[in-house]
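Subject: Structure handover

Hello,

I am passing on the structure below, followed by notes on what was found in it. Please keep it open while you read.

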Amino acid sequence: MVSGEKLAKPFKVTVRKEEVVAPLLPLQEHWLPMSNLDLLLPPLDFGLFFCYKKPVSVTPPGEVEEPEDVDCRTTTSVVGVLKKAMAQALVPYYAFAGEVVQNNIGEPELQCNNRGVDFVEAFAEVDLEELNFYNPDESVEGKFVPKKKRGVLAVQATELKCGGVVVGCSFDHRVADAYSANMFLVSWAESARSKTLTHLPSFRRSILNPRRPGLIDPAFQDMYVAVTALPPPPPENPSPAAADHLISRIYYVKSDQLKKLQTLASSDHSKRTKLESFGAFLWKLVAKCSPAADAEKPCRMGIVVDGRKWLSEGEHKAMDSYFGNVLSIPFTGKKVGDLIEEPLNRVAGEVHECLEVAVTKEHFLGLIDWVEALRPVPGMTRIYSYRREDGPSFVVSSGQRFPVSDVDFGWGKPFFGSYHFPWGGECGYVMPMPSPAGNGDWVVYMHLFEWQLEVIEKEASHVFKPLTFDYLIKYD
């Protein structure tokens, strides 16, 4: 048990109903190819969830609310709104109603066949205020975020004992990145409120066509790897030590602490961003978690870069609404011992240099070309392949555009929302998101080894505070 953890009341989730929600207007069945950037993703699902207080007024799209119905709505009407709005949103976002299948050369493709989305209705014997937000392994995993068994997207709507609702989703990452999922979530909520959709997705794969050059930048060999070049997985340990696996925790970081980190990470000549400063601070902390015997091993940190901004230059303004994966994960490494000793501003400078490599149009065009030269052999980001014995590694992905307040289905904005991404492997994953407080605080989802989190909580308890209901209700 990590230091900040409190014992929470165990609770049971009961499934009431399972069905498939299909698009309201089915499209002609067709195949949608994966882009070269989609092909960099292994079969991997990412989750997210939104917690709502007890709805006091729910009006399904197209219906008029009668005054006497207020405060008398049931979960049935809540679920009805969600399903009806989803059927509408799946018309433009038809990719989420399809299935990923293999083509004749073994590559994944999206079959847009109007299959629909698996939708689960459930009930949890717990009140919203009793949820352990700090420990999503206990309160969210296997309870509120559904395991996707088929299709591209799975959704679960769970009524709480207090009348609150938790909406959880699981997305196939090969089909959509967080930006694409965010567009869909906002559109789904807008459909529920009978609003015109702010964003309509673009599936123009030609935007990401390769240039087919004869020369590939060798730098990509350091960042990415063919899966055929990976060593075989180690034999599974039948009884691993309790602290020898990655766990998920959620913290909040006060805005004043973020400003202090940014000041310490900057110099007279260079002001670092909050993300660069936070990443540098965490990189040093993860190095500090390592045993003395690992002082000469590299500690690696990657940062996810969304390429839409850089590819939007010139003719490709359609990238603003592009649906699919447009990601790169540059990473850097440094000896554990050196990282611990190096001042924060110098480490932040190295984080900045790592990012500079990827924040160009040429980087993403070159990555598309690298994948094309490798096909049909799949590639993947190299940092995800590292194991514990190779030295500590983790990836930071900014969730600052996570549109929590916009995911309002007609009964108010979420009380809380977060990504949930225990992505497997032995590389950690960290996502800072805006706090629902709206005051500059961050909510940080962390997926690291338990022993790493114990050290981080001990060494940086002034920065990372366990997320609690009391913190959230203070700003609701």
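Two strands pair if DSSP finds at least two bridges between them. Strands (E, at least two residues) and helices (H or I, at least four) are DSSP runs, numbered from the N terminus. This is a predicted model, in which local features need pLDDT of at least 70 and side-chain atom pairs count only at pLDDT 80 or more, while totals for chains, interfaces and linings use all residues. Residues are numbered from 1 along each chain as its sequence is written, and side-chain values use heavy atoms, with hydrogens and water left out.

The six-stranded sheet

An open sheet of 6 strands runs in the order E1-E6-E7-E8-E3-E17, with mixed pairing. Its edge strands, each pairing on one side only, are E1 (13-21) and E17 (416-420). Neighbouring strands here are turned by 15 degrees against each other on average, direction ignored. (Axes are lines fitted to C-alpha atoms, for helices over the stretch in contact, and angles run from 0 to 180 degrees between N-to-C directions.)

E1 pairs with E6 in the antiparallel sense over 8 bridges. Val-13 has Ala-124 in E6 as its bridge partner. Strand E6 (residues 117-124) also holds Glu-121. Glu-121 is buried at a relative accessible area of 15%, where buried means under 20%, exposed over 50% and partly exposed in between (1.4 Å probe, protein chains only). Leaving out residues up to four places away in sequence, Glu-121 touches eight listed residues, among them Thr-14, Arg-16, Lys-83 and Ala-157; contact means heavy atoms within 4.5 Å.

Helix H3 (residues 178-192) lies across E3, E7, E8 and E17, at about 140 degrees to E8.

The three-stranded sheet

A second open sheet, of 3 strands, has the order E2-E5-E4 and antiparallel pairing. E2 (30-33) and E4 (99-102) are its edge strands. The average turn between neighbouring strands of this sheet is 40 degrees, direction ignored. E2 and E5 (residues 108-112) pair over 4 bridges, and Trp-31 stands opposite Gln-111 in E5.

Helix H11

Helix H11 (residues 450-459) has buried residues that include Trp-451, Leu-453 and Ile-456. Strand E10 (246-253), helix H6 (274-289) and strand E19 (442-449) are among the elements covering them.

Cysteines

The whole structure has 0 disulfides, a disulfide being a pair of cysteine sulfur atoms within 2.5 Å. Why is Cys-289 not bonded to Cys-299? Their sulfurs are 8.6 Å apart, too far for a bond, and Cys-299 holds the closest cysteine sulfur to Cys-289. For Cys-354 the closest cysteine sulfur is also in Cys-299, at 13 Å, again too far. Cys-289 is buried at 8% relative accessible area, and Cys-354 is buried at 9%.

Regards
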